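Got your viewer open? Let's walk through this one stop at a time, selecting as we go.

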Number of protein chains: 2
Amino acid sequence: MYYLVQYLPLHQKQQGNMAGRPKIFDEKEVVEKAVDVFWKKGYEAASADELLAAMGIGKGSFYLAFKGGKKELYEKSLKQFSDTYDKQLSHDLSESKDQVEFIRHFFLSLADDPTAKIIKGCYLGNALVQLSDGDRDTKLVAAQLLTRTEHIFTTVIRKAQEEKKIKNTARPEVIGKYLINLWNGINITRRSNPNTEDLREMLEMSLKVLD
Amino acid sequence: MYYLVQYLPLHQKQQGNMAGRPKIFDEKEVVEKAVDVFWKKGYEAASADELLAAMGIGKGSFYLAFKGGKKELYEKSLKQFSDTYDKQLSHDLSESKDQVEFIRHFFLSLADDPTAKIIKGCYLGNALVQLSDGDRDTKLVAAQLLTRTEHIFTTVIRKAQEEKKIKNTARPEVIGKYLINLWNGINITRRSNPNTEDLREMLEMSLKVLD
DNA sequence: CCAATATTGTACTAATTAGTACATAATTAT
DNA sequence: ATAATTATGTACTAATTAGTACAATATTGG
């Protein structure tokens, strides 16, 4: 016997037709709050109490909604962050007149970021460095999400090559990896040296691959 | 009245002429053991007990020798690691016939590292990512040490430019930063994608700045 | 041999951790 | 209204944390 089941999008609240006391929070919203804490403190150093305070919910609600505890919350935060980020990036790219130029500007703007004082790095890159061997599965999630962003770059490059907009004839996968590697590097390098001018020149040198 | 004081190198044990029970450990040796633990587990996740076990000393000895506790141990481990690393790198460079070629090979070899399965990244880069805002001073130590390695690259590049061994006429500081940024990037990128072939091609593309 | 000194090992503390148990509260369906 | 269901808040637990206190130990100099 088979049943027709309606799969609702996860973000659609089903409160209206469900029995029981209603949730006082929206999962997406509290995960977003958790991202802030994890990003600022790091995975290990972010305590459950601190997370709950930021999320504005109590332990009862939390461990009911996130049965896997802190780890589940972190994985969900990685996914949600990455989804939002990639979606925004893809959208901005589709809106831009010159996608290669957009990427160039995207990287160059990292040299004079006004938020440079509080350098938090890349949320996914941080995960790869902060997670220990015990959290191999979570690490893998972060790795896959970062690879997804890499693919966005790769796709732009492939298209630009087809349209003869860039001279570089290397495989698009290689240029895409080059770009994500540049991104990964900057997120470390910026933390160790705030010299904006050298950083800018270094970025300009790096972006010659897009000529 | 002035006295002539003989300053002994720190690593020279002065036990022979000192009163009191002799130390059962050598500080450099135990710090080296601690590096292993910090590198594998990360700063936060490395517990004092675990560190002490690896170092083979008890709490009494530890807190006497490292009054600043875990934090002092970590800072010392950063310095000692970096000293050893830079010294080795400088030595290898001075031994090599072609220093630019050495650097090129140094980076290319990262693509087929036999220890790729256990990717621990850069000890100093990890520190920059793993330390939270509360450990700003320790972070600064790591940043300065990483900059020192950058300067080693810069010096090689400057010399190579003077000797017309590379065509790239950008400021050596910029090329040096480019190289340390490449290093920082790879130590993240390798963790997210073990595809050796793409990585190798990406590195070859990156190293064109050394032509 | 004894005083002075430095190191060691153990037992303890006080704080913090993640997570559980469960009574209470707020909702829907009948 | 009341039964069923789901969420919430609080009080608790059990483990782990970094670090301290201090008596016992091993050395040097006199």
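Which oxygen of DNA strand C does a polar side-chain atom of B:Ser61 lie 2.9 Å from? Select B:Ser61 and DNA strand C: the partner is a sugar or linking oxygen. Keep in mind as you click around that this is a predicted model.

**Stop 1: around DNA strand C**

Stay with strand C and bring up its surroundings. There are 25 residues around it, and those that come nearest are A:Lys59, B:Gly20, B:Arg21, B:Ile24 and B:Ser61. On the DNA side, 66% of the strand C atoms that come within 4 Å of the protein belong to sugar and phosphate.

Now pick out two further polar pairs. Select B:Lys23, where a polar side-chain atom sits 3.0 Å from a phosphate oxygen of DNA strand C. Then hop over to A:Gly20: one of its polar backbone atoms is 3.0 Å from a base oxygen of the strand. As for the elements that give two or more residues to this surface, colour helix H3 (59-65) and helix H4 (69-95) of chain A, plus helix H3 (59-65) of chain B. H3(B) has the largest share, with four residues. If you colour by residue class, you should get eleven nonpolar, eight polar and six charged residues near strand C.

**Stop 2: around DNA strand D**

Switch to DNA strand D. Of the 25 residues around this strand, A:Gly20, A:Arg21, A:Ile24, A:Ser61 and B:Lys59 come nearest. Sugar and phosphate make up 66% of the strand D atoms within 4 Å of the protein.

For polar pairs, try these selections:

- A:Ile24: a polar backbone atom is 2.6 Å from a phosphate oxygen of DNA strand D.
- A:Lys23: a polar side-chain atom lies 2.9 Å from a phosphate oxygen of DNA strand D.
- A:Gly20: a polar backbone atom is 3.2 Å from a base oxygen of DNA strand D.

So A:Gly20 deserves a second look, because its backbone makes a polar contact, a pair of N or O atoms within 3.5 Å, with a base oxygen of strand C and with a base oxygen of strand D.

Next, highlight H3 of chain A along with H3 and helix H4 (69-95) of chain B, each of which supplies at least two residues of the surface near strand D. Here H3(A) gives the most, with four residues. The class count for this surface is eleven nonpolar, eight polar and six charged.

**Stop 3: the axis between the chains**

Hide the DNA and show both protein chains. How many degrees of turn lay chain A on chain B? The turn is 180 degrees, with a shift of 0.0 Å along the axis and an RMSD of 0.0 Å. That is how a two-fold axis relates its copies. The two copies use the same surface, with 98% of the contact residues of chain A recurring in chain B. To find the axis on screen, select A:Gly185, the residue of chain A that comes closest, at 1.7 Å by its C-alpha.

While you're here, click B:Lys177 in helix H8 (residues 172-192) of chain B. Is this lysine buried or exposed? B:Lys177 is buried, because its relative accessible area is 1%, under the 20% cut-off. Show its surroundings and you'll find contacts to A:Thr189, A:Asn193, A:Asp198, A:Leu199, A:Met202 and B:Glu150, leaving aside residues up to four places away in sequence.

**Stop 4: into the core**

Now isolate chain A as a cartoon. Chain A has nine helices and zero strands, and 49% of its 211 residues count as buried.

Select helix H5 (residues 99-108) of chain A, where seven of ten residues are buried. Among them are A:Gln99, A:Arg104 and A:Phe107. The cover over those buried residues includes H4, helix H7 (136-162), helix H8 (172-192) and helix H9 (196-206) of chain A. At the start of H5(A), a side-chain oxygen of A:Asp98 comes within 3.1 Å of the backbone nitrogen of A:Val100.

Finish with both chains back on. The largest nonpolar core holds 128 residues, and those with the most contacts inside it are A:Met55, A:Phe107, B:Met55 and B:Phe107. Centre on B:Phe107 for the last view: its contacts include B:Phe153, B:Leu179, B:Trp183 and B:Leu207.

Methods:
Residues are numbered from 1 along each chain as its sequence is written. Chains are lettered from A and ligands numbered from 1 in the order in which they are written. This is a predicted model: local features need pLDDT of at least 70, side-chain atom pairs count only at pLDDT 80 or more; totals for chains, interfaces and linings use all residues. Side-chain values use heavy atoms; hydrogens and water are left out. A residue is near a molecule or strand if one of its heavy atoms lies within 4 Å of it. A polar contact is a pair of N or O atoms within 3.5 Å; within protein, one must be able to donate a hydrogen and the other to accept it, and residues adjacent in sequence count only if both atoms are side-chain atoms. Ala, Val, Leu, Ile, Met, Phe, Trp, Tyr, Cys and Pro count as nonpolar, Asp, Glu, Lys and Arg as charged, and the others, Gly among them, as polar. Copies are superposed by least squares on the C-alpha atoms of residues with pLDDT of at least 70 in both. Contact means heavy atoms within 4.5 Å. A nonpolar core is a set of buried Ala, Val, Leu, Ile, Met, Phe, Trp, Tyr and Cys residues joined through side-chain atoms within 4.5 Å. Buried means under 20% relative accessible area, exposed over 50%, partly exposed in between (1.4 Å probe, protein chains only).
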